[in-house]
Structure formats: structure tokens, C-alpha cells
Amino acid sequence: MISPQELIERITASADYDDCIVIVNEQTQANLRWANNTLTTNGVIAERAITVIAFVALDNGMASGGITRADIAVHEIDAIAKEAGVAARAAGKAKDMAKLARNLSVGTWSDAHATTSPAVFAAIAPALGEMFQRSRGDEIELFGYAEHTHRTTWVGSKGGLRLRWDQPAGRIEMTGKSHQRTRSTWEGVATRDFSNVSIADIDTAIRQRLEWQAKRIEIPAGRYNTLMPSGGVGDILTYLLWSAAGRDAYEGHSVFSRKDGAGPKTRVGEKLSNRAVNLYSDSNYPGLECAPFLVATTSGPTSSVFDNGQKNDHTNWITQGELTSLVQTRASAVDTKLLFTPMGDNLIMEVPGAKGSLEDLIAGLADGLLLTTLWYIREVDPSTLLLTGLTRDGVYRVKDGEVIGAVNNFRWNESPVDLLSRMKTVGATEITQPREWGDYVDRTAMPPVLFENFNMSTVSLGN
């Protein structure tokens with residue numbers, strides 16, 4: 001197989017148009033999967049994806065067009081380069097046109113992809129086996145997986161881009177069921193190399209929650225003070241960031257649009273939270289390090305192929321509770337007259353001075369609910385960013401600082417923007433594993449949060 005570096009050199013050399021960007025993602029993933037306390041599969045998957053983006057000068061503008069392939073053989077290079085050029089010319093003048101980065105180098109370009117392997121699980125595999133054995137004896141069924149991914153990205157261009165980034169990511173997700181599967185709970189941990197994963201802690205959390213479910217308490221739909229673990233907060237705020245396109249807000253299509261018709265067209269500068277929340281992306285955040293430059297295979301509301309290679313190190317989205325930035329391409333920043341603030345590759349929420357774990361927040365809660373996870377999150381109304389979804393795998397009643405039993409599940413309806421103004425208690429920020437968006441988001445740090453009057457709109461019969 002031709003190397004990514006040689007492939008980029010040959011494609012860009014073959015491109016007979018103004019510029020050409022080639023993005024190669026090479027990825028290996030090691031995984032362990034289990035069901036009913038038994039390992040079912042394990043192995044390593046290798047993948048490659050290649051995107052060729054052509055840039056063709058037109059009168060008063062430039063066209064762009066791209067194609068993506070799982071792999072490209074040497075004899076296909078000329079045809080692929082030509083095909084990208086045809087796609088660009090067919091697309092016509094690009095609305096997101098901006099000056100392309102040139103002659104920029106980041107990373108060790110010539111090194112091969114550093115693969116992952118099952119060896120990454122060496123520290124946890126024995127403990128997993130012991131957990132399976134104990135669970136069989138106690139009639140607890142465990143289902144889940146551990147996976148570790150290492151992705152290398154190369155971005156090269158006819159204009160001299162030579163960018164490379166290596167990104168590790170890992171997670172373990174575990175569902176525990178007991179009492180003929182009438183009880184169910186979930187635990188997830190995000191990691192880069194499994195050095196921070198404690199199987200004993202996962203075992204303890206699952207067993208404790210299954211015990212909490214021994215007492216069932218039926219309660220009606222309504223608004224409850226609701227304690228959300230950091231992973232659930234990550235799911236909610238990830239959707240907020242995905243919905244924060246600057247152009248959409250400027251054109252009046254989002255919750256971040258100014259509605260009164262006076263002054264600026266966006267809500268940048270408006271106070272959104274009752275707490276001094278800082279929400280930001282930072283490529284150097286310890287444990288969540290990610291590429292300090294932009295990689296875009298397509299253009300859309302929050303990305304532009306013209307921005308490949310642009311700096312992407314730190315962006316403040318909310319500062320001291322005030323909306324600071326929206327997600328901007330360079331083209332949308334010009335149109336909206338706001339700063340160029342590109343989508344980050346991680347997301348962190350902090351409240352200065354906040355402290356305490358989820359357990360500490362439980363101990364301080366006089367009366368309310370404790371969630372395990374949010375599930376099946378969908379948008380209802382983009383103008384308010386009203387979301388709906390389900391609770392899953394355990395909702396618990398807390399009285400006077402103690403969990404007294406499990407309540408029924410609910411369908412909920414809430415807006416992340418509204419929730420920012422109803423934070424009663426905030427804990428310490430920790431690297432966390434969202435459940436709903438875990439397949440797409442693997443770099444978040446959030447605190448557990450007690451939200452006031454969380455809207456449990458209807459009772460759900462699901463377990």
C-alpha cells in the first residue's frame with residue numbers, strides 16, 4: 001500500500017488547477033467486547049480515508065469540490081485528481097472562499113502511522129476477568145466494550161501545507177443487569193491509554209446502583225431539581241456547541257439569534273448563565289490534547305475547506321456566564337462582523353471555585369432526582385434549542401443527602417441554553433464520557449451539575 005505521504009505528493013503533483021488539498025486519515029482500533037460476562041470478540045481494525053479537495057480559480061472567485069475514497073491505488077491517482085477538479089468546476093463559485101494557507105509545517109511529516117494493539121488493554125484485562133467471575137456468582141450480567149483508537153491525520157497541499165497530528169482516544173462502557181434484567185445501569189470512562197481506568201471503581205458503581213434499584217418509587221411527571229453527572233452535562237453542552245453556527249445565528253435561524261430586532265443580530269455579549277460559567281475549547285488541555293490546526297473535509301455551517309491549516313488552539317464560547325463567541329469560518333466571520341472562532345476538537349466547562357464530586361453533590365441534595373444517563377436526544381425547536389430525550393439505566397430519588405430508591409424513567413424536554421440559567425450547584429470539572437454522543441465526541445471535561453426544575457415532561461415505561 002502506498003504511504004500517505006507519497007500519496008499526497010503524487011496527487012498534488014497531478015492536480016492541474018490552482019491548489020489541491022489532500023487529507024489522509026489512517027486509523028487503527030483495538031477492541032474488546034463482552035456480553036453476559038463473557039468476552040465475545042476482540043481484535044484490531046485498520047482503516048484509511050482519503051479526501052482530495054480541488055480549488056479552481058474563476059472570475060471574481062474560486063470554486064472548490066472534493067471526493068473521498070477509502071483508498072487510492074497508484075494507477076488511480078491522475079483520475080482522482082481530475083475528478084476532484086471536475087467536482088469543483090461543477091460546484092461554481094464558493095460562498096465560503098478565503099485565502100488558503102500555504103507553506104506551513106506541523107508535526108513529524110515523514111513518520112508512519114503509530115498503530116494501536118490489544119496490548120493497550122494489558123493493565124485492565126485481568127481485572128475485567130475477575131469482575132466477570134464475581135458477577136456470575138452474584139447473578140449480575142455485564143455487557144459492554146473497551147476500545148482504543150489511534151488516528152494519524154496528514155494534510156498536504158499543492159501550496160505547501162505539510163501538517164500531521166496523532167490522536168489517541170479510548171473508552172470503556174459497561175452495562176450491568178440483575179434480577180432477571182429488571183434492573184439496569186451503565187458506567188463509562190474516557191481515556192487516552194487506559195492508565196486511568198479502574199475496573200474496581202466501575203464494578204463498585206454498577207453494584208451500588210443496582211442495589212439502589214431494590215426499592216421502586218413511582219412518581220409523576222413534573223419539574224424536579226435534578227442532579228446530572230458530568231457525562232450527561234457533556235451530552236447537553238455538546239449539542240449546544242453543535243448548534244452555535246455564527247451564520248445561522250446572524251440570519252435569525254437559531255437560539256443564538258437576537259430576537260428584538262435592535263442592535264447586533266446575534267446574542268454574543270449576552271449573559272446566558274446564573275453562574276460564572278466558562279465554556280471553551282483548548283487544544284492543549286491536559287488529557288484532552290487535540291490538533292492545533294483545522295482539518296475540514298467538507299464545507300458547512302461550522303466548517304470550511306478553505307480554512308484547512310488555520311490555527312485552532314483556544315476559543316472561549318462562554319466567559320463568566322456571557323456568550324463570547326459563535327462557531328465561525330473565516331467567511332462567516334466576515335459576514336457577521338465577528339471574530340474567526342473555529343469549532344474546537346474538545347469542549348470544557350468550568351465554574352471558578354466549584355468543587356466536589358458527584359457523590360458530594362448527592363450528599364448536599366435535600367430533595368431531588370439523580371440521573372444516570374440521557375438517551376435518544378433530539379431537537380424539537382431550533383429557535384429555542386429545545387431538546388427532548390429519555391432517561392435510561394437508573395433515575396434515583398435523593399432525600400436528605402441519601403439515595404432512597406429508584407424512580408420510573410421519563411421523557412424530558414429542556415433547552416441547554418435555559419439550563420445554563422438554572423444551575424443550583426456545580427461540582428469540580430473532570431474528564432468524562434458522554435453516552436449519547438460517545439461515538440462522535442471523545443474529548444470533554446465537565447462538572448456534575450444540579451439543575452433546578454428540570455422538566456420531566458412525561459413518564460416513560462422503558463427500563
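Hi everyone, let me begin with one residue, Thr153, which lies in strand β5, residues 140–157. Before I go on, please keep in mind that this is a predicted model. Is Thr153 buried or exposed? Its relative accessible area is 8%, and because the cut-off for buried is under 20%, Thr153 counts as buried.

What does Thr153 touch, once we leave aside its neighbours within four places in sequence? The contacts are Ile23, Val24 and Asn25, then Leu163, Arg164 and Trp165, and finally Val295. With Asn25 there is something extra for those of you who like polar groups: the side chains of Thr153 and Asn25 are joined by a polar contact of 2.5 Å.

Strand β5 comes back when we turn to helix α3, residues 125–137. The buried residues of α3 are covered by elements that include β1 (19–35), β5, β6 (161–178) and α4 (199–212). Which residues of α3 are buried? They are Leu128, Met131, Phe132 and Ser135. These four sit on the same side of α3, because they cover an arc of only 100° around the axis. On the face turned away from that buried side, we find the exposed residues Gln133 and Gly137.

A quick geometry check on α3, since I know this group enjoys one. The helix has 13 residues, and at 1.5 Å a residue it should span 18 Å. In the model the end C-alpha atoms of α3 are 19 Å apart, which agrees. Just after α3 comes Glu139, with a positive phi of about 60°.

That brings me to some other backbone angles you may want to look at on the screen. His179 is not a glycine, and its phi is positive, near 55°. Where is His179 placed? It is in the loop between β6 and β7, the latter being residues 183–191. With a relative accessibility of 41%, His179 counts as partly exposed. Then there is Tyr376, again not a glycine, with a positive phi of about 55°. Tyr376, however, lies within a strand, β14, which covers residues 367–381. At 43% relative accessibility, Tyr376 is partly exposed.

Now for the hairpin. Strands β15 and β16 form one, with 2 residues between them, and Asp400 in the turn has a positive phi of about 50°. How many bridges join β15 (residues 386–399) to β16? There are 5, and the two strands run antiparallel. One pair to look for is Val398 with its bridge partner Val403 in β16. Strand β16 (residues 402–407) is also joined to β8 (residues 216–217), by 2 bridges, and here the strands run parallel. In that pairing, Ile217 has Val407 of β16 as its bridge partner.

As a reminder, strands of a sheet pair through backbone hydrogen bonds, either parallel or antiparallel.

Last stop, an open sheet. Its 6 strands come in the order β12-β11-β10-β13-β20-β19, and the pairing is mixed. Which strands are at the edges? They are β12 (322–323) and β19 (430–432), each of which pairs on one side only. Strand β12 is joined to β11 (residues 314–319) by 2 bridges, and those strands run antiparallel. If you want a spot to zoom in on, Ile318 stands opposite Leu323 in β12.

That's my tour, thanks for listening!

Terms used:
Residues numbered from 1 in each chain as written. Predicted model: local features only at pLDDT ≥ 70, side-chain atom pairs only at ≥ 80, totals over all residues. Heavy atoms only, no water. Buried < 20%, exposed > 50% of the residue type's maximum accessible area, 1.4 Å probe, protein only. Polar contact = N/O pair within 3.5 Å; in protein donor to acceptor, adjacent residues only side chain to side chain. Contact = heavy atoms within 4.5 Å. Pairing = 2+ DSSP bridges. Expected span 1.5 Å × (residues − 1). Arc of directions from axis to C-beta.
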